[in-house]
Structure formats: C-alpha cells, structure tokens
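Today's notebook page is about charged side chains and how they pair up. I wanted to go through them one pair at a time.

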Amino acid sequence: MSGSVTCLSLARRFIGLAEVPGAVANPAILAMLRLDNAWPSDDSTAWCSAFVSYIAWLLDLPRSKSLAARSWLPIGWPVDIMGAEPGFDVVVLKRGGGNQPGPEVTAFAPGHVGFYVGRRADFTHPNVLVHGGNQADSVSTESVPLAQVLGIRRLV
C-alpha cells in the first residue's frame with residue numbers, strides 16, 4: 001500500500017491547526033464542526049470527533065456524524081490493541097477523572113477520539129500514541145495511558 005493515503009497520513013497534514021484565542025474562531029475548525037452539525041458557533045466547542053469525522057469524510061469512510069467522541073464506538077469494526085494498525089484505526093478514550101462509564105455508554109459521557117499511531121515501549125506504564133484534534137486546543141500527537149482506551153475501531 002505504499003503511496004496510498006491513510007487516515008493517519010491525511011490527519012498528519014493538519015498538525016498545528018489550532019483554535020484561535022478570543023472571540024474569533026478558526027474557520028477550518030468551524031467547518032469541521034459544522035460538517036454534520038449546524039449549531040457550533042466557535043472553535044471552543046469540543047472538536048476531536050469533528051476532526052476524525054472530517055478526515056473520514058475526505059476519504060469516504062464510515063463516520064459517526066456526531067460531535068460526541070464515544071459515538072465512534074459502534075463505527076467500523078472492533079480491533080484488539082495487539083492488532084491495531086497505524087493509519088487505519090480510531091482510538092476512543094475515556095476523558096476526565098473519577099469512575100467513568102465503560103464502552104457500553106456511547107452518549108452523555110466524556111470521551112476523546114483520535115487516530116491510532118502506535119504503542120510506547122514503556123511497559124511499566126503502557127501508553128498509546130493518539131493523533132487527533134482538540135489535543136491542547138490543536139491537532140497533535142499525544143501519549144495516553146492504555147487504561148483510558150475504551151475501544152479501537154477499524155474504518156477501512
């Protein structure tokens with residue numbers, strides 16, 4: 001598949017895309033938010049799911065059409081962490097502290113979604129690398145504890 005565009009390769013083209021502080025919104029983020037939802041008025045709305053949806057839309061892949069991160073849990077096919085592949089898989093995560101519900105709750109619970117990049121070699125504190133939007137208010141790659149993973153979904 002050398003040379004083919006994957007979710008991750010396309011998503012990486014947006015590295016550095018960031019929210020605009022203050023009353024002005026980044027028009028690119030606002031367009032992502034409004035792809036399926038007319039109501040967002042600025043880029044302070046959580047946009048991780050909008051970013052994943054936009055990339056999936058550009059590649060004509062299945063998408064949740066929701067701004068809720070956990071709405072990605074039934075999209076595509078489930079993948080085990082050992083079978084996860086960079087470029088093809090979406091990672092759905094718990095967000096926030098405390099006792100968060102599991103993957104059976106797809107709405108009205110905090111979450112985060114991004115593209116699977118890989119696992120870190122630190123086996124004492126296993127982490128996954130996730131590339132997504134709305135990570136420190138921009139598109140970036142970050143390391144997340146494996147314990148936060150609710151599910152991994154293959155879109156292709």
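Which side chain meets Arg154 in a salt bridge at 3.7 Å, N to O? I looked it up in this predicted model, and the partner is Glu85.

Entry one, Arg154 and Glu85. I placed Arg154 in strand β6 (residues 149-154) and Glu85 in the loop between β1 and β2 (89-94), so this pair ties together parts that are 69 residues apart in sequence. I then checked exposure: Glu85 is partly exposed, with a relative accessible area of 36%.

Entry two, Arg154 again. I found that Arg154 also forms a salt bridge with Asp89, where the closest N and O atoms are 2.6 Å apart. Here strand β6 supplies Arg154 and strand β2 supplies Asp89, distant parts of the chain that lie 65 residues apart. I noted both Arg154 and Asp89 as buried. Through shared partners, the salt bridges join Glu85, Asp89 and Arg154 into one network.

Entry three, Asp36 and Arg63. I saw their side chains meet in a salt bridge at 2.2 Å, N to O. This pair, too, links distant parts of the chain: Asp36 sits in the loop between α2 (27-33) and α3 (48-58), while Arg63 sits in the loop between α3 and β1 (77-78), 27 residues apart. I looked up exposure for each partner. Asp36 is partly exposed, at 31% relative accessible area, whereas Arg63 is buried, at 16%; the cut-off for buried is under 20%.

Closing tally: I count three salt bridges.

Notes:
Residues are numbered from 1 along each chain as its sequence is written. This is a predicted model: local features need pLDDT of at least 70, side-chain atom pairs count only at pLDDT 80 or more; totals for chains, interfaces and linings use all residues. Side-chain values use heavy atoms; hydrogens and water are left out. A salt bridge is a side-chain nitrogen of Lys or Arg within 4 Å of a carboxyl oxygen of Asp or Glu. Helices (H or I, at least four residues) and strands (E, at least two) are DSSP runs, numbered from the N terminus. Buried means under 20% relative accessible area, exposed over 50%, partly exposed in between (1.4 Å probe, protein chains only).
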